[in-house]
Amino acid sequence: MDQPFLRILHPTDLSEASHTAFLHALKIALAVKGKLTLLHVKREGEQVHMSDLPGVRDTLHRWGLLPEQAPSEAVAALGLAVRKLIAKDADPVAACLAMLNEHPADLIVLATSQHQGRMRWLGREVSGPLTREAGIPALLVPQQTRGFVDEATGELTLRRVLIPVASEPRPTQALVTSSTLLASLGFQGTSTLLHVGDRSSMPSLEPPAGNGMQWERRAVQGDVVPTILAEAAAMTSDLIVMPTEGQHGFLDALRGSTTERVLREATCPVLALPVRQEREER
């Protein structure tokens, strides 16, 4: 598929951390001229209205893409479709999955570790079951990070991407998928393929060509998670791309997985890409 991220779901708990994730979801949706769905699952007794959900037109005006008080039709003129939904459910995971069943998505964009928010997307209540069952790529934006989209201008502050690779899970399709997304965003920086182990055991990979980005290869000895985090810090990575695997797809058995452990301490967004389909085809 030439463009794998046309349908984007952003579950929001209306917190500041979710606002940062929203900026990323909107930036990607604009870049691919896709469909963006904003979903809030409200608790019993919570008073939430559509106007409380993130303001798409206000943000696009701040980014210089729309005039002030532009009509909703102006958003469509940018090639962007937006849908806002409020669900009432005691189980936010069930509500999100039901929405995905009715309106499938290609990418979930959400904040993580929102301990002060209405819903903790990395908490036991939501993120584990949601990400296991959804089985699709997810861009996870840690609460303590600003991410790579400038709030005031919408400009991309994405210069360095770290992609840990190993023989299993085989990362070939993840490289293609992430490169497609980065190219859509106009990324012109450096992507580093990092293998934790001896260089002789680094998988033979041919990065996608013709997208304008530069590629580096590194092999470093050490424990997997600490080494990934140390390399990400050393090169001031703006994004970590994690090929993931599991019986149920994306972030199977979330607790204790390499991706979850990296996410727990990452200082930049993490793009988790399931490789289940690739493994079945091999």
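1. In this predicted model, Val-241 lies opposite Leu-271, a residue of strand 10. The strands concerned are strand 9 (residues 239-244) and strand 10 (residues 270-274), which run parallel and are joined by five bridges.

2. Helix 8, covering residues 258-265, packs on the sheet. Its contacts are with strand 4, strand 5 (138-142), strand 9 and strand 10. The direction of helix 8 makes about 165° with that of strand 9.

3. The sheet as a whole is open and consists of ten strands with mixed pairing. Reading across it, the order of the strands is 3-2-1-4-5-10-9-6-7-8. The student may wish to trace this order in the structure. Strand 3 (81-88) and strand 8 (214-220) are found at the edges; each has a single partner strand, so one side of each is left without a neighbour in the sheet. On average, neighbouring strands of this sheet are turned by 20° against each other, with direction ignored.

4. Helix 4, formed by residues 92-102, also packs on the sheet. Helix 4 touches strand 1 (7-11), strand 2 (35-42), strand 3 and strand 4 (107-112). Between the direction of helix 4 and that of strand 2 the angle is about 150°.

5. Two cysteines deserve a comment on accessibility. Cys-96 counts as buried because its relative accessibility is 0%, and buried means under 20%. Cys-268, with a relative accessible area of 5%, is buried as well.

6. A final point concerns covalent links between cysteines. A disulfide is a covalent bond that connects the sulfur atoms of two cysteines. How many disulfides does a search of the whole structure find? The search finds zero.

Methods: Residues are numbered from 1 along each chain as its sequence is written. This is a predicted model: local features need pLDDT of at least 70, side-chain atom pairs count only at pLDDT 80 or more; totals for chains, interfaces and linings use all residues. Side-chain values use heavy atoms; hydrogens and water are left out. Two strands pair if DSSP finds at least two bridges between them. Helices (H or I, at least four residues) and strands (E, at least two) are DSSP runs, numbered from the N terminus. Axes are lines fitted to C-alpha atoms, for helices over the stretch in contact, and angles run from 0 to 180 degrees between N-to-C directions. Contact means heavy atoms within 4.5 Å. A disulfide is a pair of cysteine sulfur atoms within 2.5 Å. Buried means under 20% relative accessible area, exposed over 50%, partly exposed in between (1.4 Å probe, protein chains only).
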